Amino acid sequence: MSGDVAGADPAPAVTTDVDALRGEIRDRSVVAIDARRPEDYKRSRIPTAVNLPLADLLSDDGPDRVAKIAGSLGIGDETRVVVYDDSFGALASRIAWTLEYIGHADVTLLGATYAQWRSMELETDDATAPLPSVTPREHSSNPNPGILATHEYLEKAVADRDNVVLVDNRERLNFLEQHIPGAISLPYRTLAGPDSILRGREDMRRLLANRGIGEGSEVITYCGSVGTLSGLAYYAMKSAGLPNTRLYVRSFKEWKGLQKPTASQADANYWDLSAE
Amino acid sequence: MSQTSRASGHDSAPSHKPGKRPRLESARPEERKPRENWARRSEADHFADTVKLFRQGRYDADSFRRFRLQHGAYGTRMTGDYAMVRIKIPAGVAYPHQLEAISRLSEQFSIGSAHISTRENVQLHWVVLEDVSEIFRGLSRVGLTSREACGNTVRNVMCSPLAGVCPSEPFDSTPYAIAVARFFLRNPLCQNLPRKFKFNFTCCEEHGMARMVDVGLIPQTRTVPDAEGGGQREQRGFNVFLGGGLGNRSFVGHQLEEFTPEDDLLYTSIATIRIFDRLGDRKNLARNRMRYLVDEMGWEKFQSLILMERSIVRATQSVVTRLKPDFTPLEIRRPLRISDESGSAAAQDGYSRWLATNTIRQKQDSYHTVFVTLEAGDITAGQLNSLADMVRRYSCEGVARIGFVQNVALRFVHSDDLAPLYAGLLGAGLAKSGALTMAAPIGCSGTTSCNLALTNSHRLAKEIQRKFLELGLDKDPDLADSTIKISGCPNSCGQHGIATIGFFGGGARVGKDMYANYQMLLGGRSDGLTMLGQTCTRVPAKRVIPVILKIIEMFRANRRPGDTLKSWIHRVVSDAEDSGVSSIKDVKAELQPLLAPPTKDDDPDFYLDYGSDTSYHTKTGKGECAA
């Protein structure tokens with residue numbers, strides 16, 4: 001049922017593969033959340049999926065409001081949720097993380113993007129199909145601060161403990177130009193597998209081990225502004241069996257806004273190598 | 001997880017039954033399989049382990065550097081944490097799925113762009129050292145390697161992108177280039193040479209650099225008596241040039257003999273490598289390419305040593321030590337066209353300009369070779385994917401050929417497919433005109449990533465290209481056979497020595513203020529009349545474009561009928577010109593008004609190098625060319 005090689009491993013799967021989701025949709029045992037923009041969702045979507053555009057969520061992602069939104073989408077505390085998008089899994093990750101943050105346990109990412117779903121010629125609903133009708137439910141709000149890093153937390157963790165790895169998930173050139181001192185660069189693209197939003201477990205573990213991230217590490221991920229790319233990295237770490245991971249959700253935008261120190265790669269004109 | 005006990009908030013059940021799921025790749029046309037697998041998977045693991053040992057301090061820095069270079073990972077400007085991975089494309093033959101793999105690797109581990117070099121390598125820059133092994137792993141899945149792309153070994157074996165299609169060639173040298181690459185890759189014979197060693201196969205005199213590498217080979221044939229039949233037969237062979245090369249000091253190669261039969265190709269190569277290995281200078285790293293050995297020893301002595309060594313090699317090599325060129329031609333297969341795609345593309349603005357400056361008619365009827373213009377060799381991940389797509393759709397041989405001037409060629413494009421290919425390239429941002437003209441300058445990586453660079457030669461090449469295209473100078477046929485080549489330091493990665501107008505970077509100062517400054521050379525060429533460019537004058541970085549335009553103006557004012565800029569400059573540097581501008585000195589005098597540095601107050605921009613908004617300083621790290 002899982003896109004990950006879970007087997008007897010205690011680490012919970014963070015992705016659901018497409019065939020498993022199709023079965024669950026057939027059994028009506030899941031709520032699929034489409035994280036794309038409303039116009040894209042209306043045009044074409046996975047059957048039964050509800051729409052939660054990330055921008056809507058981000059307009060106020062306080063726990064009480066998120067719980068209300070979840071309930072309005074037919075998600076109760078125990079509902080199995082699978083989130084997908086068409087942006088490498090980054091938007092879906094931010095939504096999944098937010099649900100986890102309010103205490104929702106059973107949420108995973110679809111292992112594929114919507115474009116991959118379509119390229120496999122799987123069933124979709126288009127603009128002519130009725131939108132799914134939803135029975136609202138109650139969702140509680142029990143914030144789980146253990147998966148969140150604030151800038152205060154980040155600074156203290158880095159200062160206090162040697163096992164903390166700060167991971168920057170923006171593209172390499174942005175990292176070279178400016179990053180939080182001590183961070184390592186792991187661009188979000190690195191996390192994907194050939195046909196899936198995340199590499200397979202062993203592949204991911206080897207990649208991370210090469211970078212010095214392993215069982216004993218505490219990982220804090222961050223990206224440019226709202227924790228999407230780093231949200232994906234949060235799930236990448238979990239998929240590799242590294243539960244001690246937090247998302248610095250306000251990311252580099254807040255860090256710069258607070259005029260915290262930054263580091264950069266000096267004396268090289270790397271931007272001029274880009275063909276963009 | 002159980003699927004039975006989950007509550008769902010949905011009232012509507014899905015209306016579709018899940019059907020059979022096709023594989024993701026199913027939409028693609030049938031893929032050609034590469035003939036060669038250059039990769040060795042175990043090298044990825046070995047590299048990863050060695051990086052760990054190095055980081056733990058259990059591997060000394062010098063040994064690690066040699067190991068890293070042997071595997072094709074070069075150092076990066078001012079940091080030990082990043083590497084440049086140089087992917088070899090032997091003979092320049094790249095399959096579409098290989099381009100896609102490089103695209104993916106560039107996004108995952110590099111900067112989302114790749115760089116095509118002048119030596120038919122594709123380079124990924126700013127790769128975290130610990131990720132290099134992951135790139136090896138990805139390359140091994142598509143049969144590519146970076147092994148021996150750096151270090152003191154036989155580097156990527158180059159072959160003219162026109163080999164096999166060139167109207168002037170006697171035969172296709174590609175199978176020989178691939179066989180030579182295969183023979184020497186990982187061969188114990190060349191794992192620890194005094195210095196790097198380069199082969200270059202051309203198609204003809206015009207389209208290669210046979211005289212500017214360690215071993216340059218021009219295919220040729222001769223008629224010989226047929227031993228068995230008593231009649232005559234055509235024998236294949238090469239015109240071999242040894243001891244040429246570009247660098248801090250450049251030399252033109254020497255012709256070994258009138259005709260080197262194909263059977264002697266391997267023996268000649270082995271003999272040359274053995275002599276270099278035995279006698280090359282292993283102490284003075286700045287002067288130990290084979291060309292210095294030839295220069296110091298004198299050509300005649302070197303030549304007789306090689307010929308003697310070759311007879312020993314011929315007599316002592318096992319009969320199984322042979323080159324094994326695969327002469328099976330690539331199948332020329334024109335994909336079926338579902339609909340006529342050519343309609344509007346031909347009417348596009350720019351199509352005829354592109355046609356005139358980017359395509360060459362092949363010796364095969366109705367087929368063309370199309371050169372894709374890049375900016376100083378840079379190509380984005382998305383463009384690599386588009387290119388792969390267009391190779392599949394429009395190159396009837398189904399592969400891309402990397403060129404000698406930071407570009408890519410699609411060959412066997414049918415006349416009817418030129419317009420749709422143009423439209424496709426346009427959509428991918430790859431349809432710039434001027435690929436085969438002076439408007440496609442070469443720029444080495446310069447201060448964008450290289451430890452030795454003094455100036456941003458890379459950006460300067462792009463700036464010149466943009467200006468040339470803006471002014472439409474690619475349309476002037478009298479400029480087409482001229483070249484502009486720029487290096488960011490006196491070493492010659494940008495090949496400034498063989499440019500019609502060449503530049504290499506340095507710094508200059510006014511009082512305490514420094515600015516980027518280039519030495520300009522004129523009249524270099526790499527064809528049958530190969531010669532090195534002659535020093536003209538120093539040109540501040542921000543005056544390079546006006547200076548080039550001024551030289552073009554001088555040419556237009558003083559030319560003779562039938563002249564091109566190249567032929568005119570050739571006369572000027574050879575003191576064979578009799579117009580008002582008849583020597584390098586005259587050119588320099590004419591340029592003088594453009595060269596005087598302004599004060600910093602008058603023109604602060606003058607003191608900034610391209611791509612930089614802080615004061616210019618010359619900063620360099622340790623080079624690794626000689627490591």
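Biologist: At roughly what angle do the axes of helix α7 and helix α8 of chain B cross, and within what distance do they come?

Modeller: Bear in mind as we go that this is a predicted model. The general idea: two packed helices are described by the angle between their axes and the distance between the axes. For α7 (residues 290-297) and α8 (residues 299-316) of chain B, the axes come within 6 Å and cross at roughly 115°.

Biologist: Which residues meet there?

Modeller: From α7(B) you have B:M290, B:L293, B:V294 and B:M297, and they meet B:W299, B:K301, B:F302 and B:L305 in α8(B). By character, that contact splits into 7 nonpolar residues, no polar ones and 1 charged.

Biologist: Let's try another pair. How do α13 and α15 of chain B cross?

Modeller: Helix α13 (residues 544-558) and helix α15 (residues 584-595) of chain B have axes that come within 10 Å and cross at roughly 140°. That angle makes α13(B) oblique to α15(B), because an angle has to be over 145 degrees to count as roughly antiparallel. As for handedness, α13(B) passes α15(B) in a right-handed crossing. On the α13(B) side, the contact is made by B:P546, B:V547, B:K550, B:I551 and B:M554, while α15(B) brings B:V587, B:E590, B:L591, B:L594 and B:L595. Sort the residues of that contact and you get 8 nonpolar, no polar and 2 charged.

Biologist: What about α14 of chain B: how many of its residues are buried?

Modeller: Helix α14 (residues 565-573) of chain B is mostly covered, with 7 of its 9 residues buried. Those are B:L565, B:K566, B:W568, B:I569, B:R571, B:V572 and B:V573, so a charged residue such as Lys or Arg can be on a buried list too. They pack against strands β19, β20 and β21 and against our two helices, α13 and α15, of chain B. After α14(B) comes B:D575, with a positive phi near 55°.

Biologist: And α4 of chain B, what does it pack against?

Modeller: First, the burial: α4 (residues 132-141) of chain B has 9 of its 10 residues buried, so it is largely enclosed by the rest of the structure. Its buried residues include B:E134, B:F136, B:R137 and B:L139. Now for your question: the buried residues pack against α9 (201-210) of chain A, together with α1, β1, β2, α3 and β5 of chain B. Look just past the helix and you'll find that α4(B) is followed by B:G143, whose phi is positive, near 75°.

Biologist: Can we go down to single residues? Is A:S230 buried or exposed?

Modeller: Buried: A:S230 has 0% relative accessibility, and a residue counts as buried under 20%. A:S230 sits in helix α10 (residues 229-239) of chain A. A polar atom of its side chain lies 3.4 Å from the backbone nitrogen of A:C223. Leaving out residues up to four places away in sequence, A:S230 touches A:N169, A:T221, A:Y222, A:C223, A:L247 and A:S251.

Biologist: One last stop. Where does B:G446 lie?

Modeller: In a loop, between β17 (442-443) and α12 (457-471) of chain B. B:G446 is buried, with a relative accessible area of 0%. Setting aside neighbours within four places in sequence, B:G446 is in contact with B:A453, B:T455 and B:S457. For a longer-range pairing, take B:G505: the two glycines are 59 residues apart along the chain, and their C-alpha atoms are separated by 8.8 Å.

Definitions and conventions
Residues numbered from 1 in each chain as written. Chains lettered and ligands numbered in written order. Predicted model: local features only at pLDDT ≥ 70, side-chain atom pairs only at ≥ 80, totals over all residues. Heavy atoms only, no water. Axes fitted to C-alpha atoms, helices over the stretch in contact; angles between N-to-C directions. Helix = DSSP H or I, 4+ residues; strand = E, 2+ residues; numbered from the N terminus. Parallel < 35°, antiparallel > 145°, perpendicular 65-115°, else oblique. Left-handed = near helix turned anticlockwise from the far one by under 90°. Contact = heavy atoms within 4.5 Å. Buried < 20%, exposed > 50% of the residue type's maximum accessible area, 1.4 Å probe, protein only. Polar contact = N/O pair within 3.5 Å; in protein donor to acceptor, adjacent residues only side chain to side chain.
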